[in-house]
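Reader: I am new to this structure and would like to understand the terms used for it. Could you take me through them with care?

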Amino acid sequence: MRSYSTITEAAAALRAGQTTSVALAREAIAVADAHDEAVGTFIVRYNQQALEAAEAADAAFAAGVDKGPLQGIPLGVKDIITTREGPSTAQSLVLDPQWGLDLGDAVVVSRLREAGALIMGKLTTCEFAIGMPDFERPFPIPRNPWNLDYWPGGSSSGSGSGVASGMVLGALGTDTGGSIRIPASYCGVSGLMPTFGRVPKSGCAPLGYSLDHIGPLTRTARDAALMLSVLAGADSSDPCTVEVPVPDYLTGLSGDLSGLRIGVQRLEQYAGDDEDPALARCFADAVGALAAAGADVVEIDLPFYGELTGACFLILVAEAVAYHMPDLQSRWVDYAPGTRKMLGMAFSLSAADFVQAQRARRVGQRAVTALFNDVDLIVTPTTSGVATRLDGLDRVLSEGLRSIHTPYWDSTGNPVISIPMGFGTDDMPLGLQIAGRAFDEANVLRAADAFQQRSDWHLRKPDLVVANTLLEVPA
Amino acid sequence: MTAYLTITDAAAALRAGETTSTELVRAAIDVADRCDSEVGSFIVRYQESSLAAAQAADEKLAAGDPVGPLHGIPLGIKDIISTAEGTSTAQSLVLDPQWGIDQGDAVVVSRLRAAGGIVMGKLTTMEFACGLPDFERPFPIPRNPWSLDHWAGGSSSGSGSSVSTGMVMGALGTDTAGSIRIPAAYCGVTGVMPTFGRVPKSGCVPLGYSLDHIGPLTRSARDGALMLSVLAGHDPSDACAVDLPVPDYFAGLTGDLTGLRVGVQRLEQYGGSTEDPLLPAAFADAVAALAGLGAHVVEVELPFYQEMMAADMVVMASEAAAYHMPDLQTRWLDYAPGTRGLMSMAFAISAADYVQAQRARRVAQKAIAEKFADVDLIVTPTTSGGAIAFDELASLLAQGGFNSIYTQYWDCTGNPATSLPMGMSSTGLPLALQIAARPFDEVTMLRAADAFQRVTDWHLRVPAISTGEQIGAAL
């Protein structure tokens, strides 16, 4: 069996007649059959519908119809985004199943489907993208395919583990405080948070509506560019989307970073002793690779780091509670304890606190815009440490957030990607974070792709995936 | 009192050589000398600089140099908007005098000045545009020129009373809950609140930044169009300003309303017992006049009226408290009791309440946009009766008595709305008509207001106090 790690490879093989969409779907199903129970990637699988879509994709190829690189590619969708196959749960007992049924395909899902992609199923998350893994609830526990004792990160947990383990070639996640980039970093895949307003988010259960972003998780930056090309563009159903033309995200992927100025900061002063012993070396090597690709590297200092990180959490929980208030008042115990604890933080926040946080965001946005006058990209670690052990998650909520460097960019709304840059404690992945100017995903992807042309961290696979080649896939 | 009631007439006379700017400014100074101490329009008057500006304006005219549309016209500025002549107080002991000095001319003021307008002085308001008239503080009491026992309305109190009496020919006000339209209604002048984002508000002390609008108060709608054509347009210094072309606001002033669909609602179910006995007839007559001009009149119902009344207060109080928090914590007693009362409300509002109020605004904006699919304009009374007497003001507010005021709705939705005189109350005070339009369709709104003023003369009535003749008669 020949398996394809990336959308780019699979798309080429489909067009070269070396594989079929049905074969790709069957392989994805076989991988999920083998590992999903242990890894906890899927909430629901849509094997039958996916195989039918694969047959349709193959028939289209046979008829000479080519809708682009996602045609016939197996993808997954985080279960807070609606698809027409069935209800969405948001991994919660609270969400009305009728909601997802009434909405049918979210705008992003219908864009993927129109491009010919296969929806393999709905992927695990944290309850409403904010809770914590909960062993008492009737939902899968998302585990890290690199080591099942570890959390894959959240809240797009299944999106990270699904791509890392090969159950899908790409997935949709959402990012409000880091929920695309944290699982991408912890699972060793690439995760892109586009600029706020770049991708419509209607049909997605909101967490913090002024912070929510939908974006792709894939093996490579090039695959992310492929998915973003399909996902990007305003839609009238989401008033947050912005009418900015969608550029060609692929033409810039030259591998050459000559002329780009990159600001770097390791952020160790925030992580303190939570920084992984291997992080400093991995980060220095990654920065060295970017310089070798032609970039001019300068040290920078992210302005208002603490303020923007704090503002993100404050706004996230306040907006979440406004959305959940009726259910919190009538169905408190149906929410998982982790969710109650997170949302409960909002009850001590005043309206003036919220307004002040939004004002701080504006000040921070201006300061980071000014910084982007001097540099084209800003590079930091995604997290200073590797994934948390599932039995150590309590600490994440209390002090573990200091090693997570993602909320800053949700507050500013700039586009940012996390890509693998090495391994730390217990051979768990570490992620590099690359941020760009608003709506300049092209340069973010260009740098990420150039790094991946010079490294192979993104192609490393966990042992259970290496074993995938031994799986029986029905012909 | 000048021989010219409107900017339009004075501008024509200036160009015809029938008057001079110096004459116009001296006449305005005479009115202020005669009645400002009673009416309380000015916080500070800039006689010397305005006379110097008038002389320069006359020299420019004499030399045949090109001049702007407001050339040589005496104007006044609400004292929460900064001007180069001196400091701004916001009618408060708290505002740092250095703030206004550092700002110099606000964008709107420099636009008026560039168009030839002459700044006669700074006009009274309520403390920070949200307090109440306070007899214990070292600031003038803004009285109603039609009856000195009555309030001029607020918070653009001096803007309304100075235009009404002729101390200026036009004035800048601001509107967060009705602060342009209420004094326009109570003082019998025309006030225009432009669409949110139409006029930049940098250089203005914020009250509720997602609700604040700057706009003109003038004698006529045509004068309002004249000032708006100078004020409108994007400026990068105000993040809320929208970059849309500024249309010709005069082209539509045809006096003909044929083809326009006008939705009307008297709102008596909300005004209740506050409705003046003469208001129903005055409103019916005004609607009939619009129909007589060719408009097709239909009954409408403003969607989410009460929700928007509440949302306006919640959002305004919260945003104001966020801005004022450091001073509230250190200088509580320097704020006037009325201001403290409003700010205190904010302490009981949670972050989630605020978010919910903003979400409610979004819902109502959608609903009113649907209404505007069926009608071009929506017409209501501005207030249910004439100006409130000073001795009733405190008790009315204590009872939550904003029932008589119908302005807040349009601040929440951000649509443009104008108030213009439509009759007299049972106690001889002005009554007013409110006309609202689609976002950025000030053209149609001004067309209707101007057409109404071509067939009525309510806007040309002048209070007795402003004419020397009547003062003489009283003596």
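Reader: Why is Lys201(B) counted as buried?

Author: Buried means a relative accessible area under 20%, exposed means over 50%, and partly exposed lies in between (1.4 Å probe, protein chains only). Lys201(B) has a relative accessibility of 12%, so Lys201(B) counts as buried. This is a predicted model, in which local features need pLDDT of at least 70 and side-chain atom pairs count only at pLDDT 80 or more, while totals for chains, interfaces and linings use all residues. Side-chain values use heavy atoms, with hydrogens and water left out, residues are numbered from 1 along each chain as its sequence is written, and chains are lettered from A and ligands numbered from 1 in the order in which they are written.

Reader: What makes the contact between Asp238(B) and Lys201(B) a salt bridge?

Author: A salt bridge is a side-chain nitrogen of Lys or Arg within 4 Å of a carboxyl oxygen of Asp or Glu. The side chains of Asp238(B) and Lys201(B) meet at 3.7 Å, N to O, so the pair satisfies that rule. Asp238(B) is itself buried, with a relative accessible area of 6%.

Reader: Which parts of chain B does this pair tie together?

Author: Asp238(B) lies in the loop between α8 (221-231) and β9, and Lys201(B) in the loop between β7 (190-193) and β8 (213-218), so the pair ties together parts that are 37 residues apart in sequence. Helices (H or I, at least four residues) and strands (E, at least two) are DSSP runs, numbered from the N terminus.

Reader: How do you know that Arg454(B) and Asp450(B) are separated by about one helical turn?

Author: Both belong to helix α16 (residues 442-454) of chain B, and being 4 residues apart there they are separated by about one helical turn. Their side chains also meet in a salt bridge, at 2.8 Å from N to O. Asp450(B), at 6% relative accessibility, counts as buried, whereas Arg454(B), with a relative accessible area of 46%, is partly exposed.

Reader: Why is Ala311(B) called buried, and which residues is Ala311(B) in contact with?

Author: Ala311(B), which is found in helix α11 (residues 305-330) of chain B, has a relative accessible area of 4% and is therefore buried. Contact means heavy atoms within 4.5 Å, and, leaving aside neighbours within four places in sequence, Ala311(B) is in contact with Ala357(B), Arg361(B) and Cys412(B). The C-alpha atoms of Ala311(B) and Tyr409(B) are separated by 8.9 Å, although these residues are 98 residues apart along the chain.
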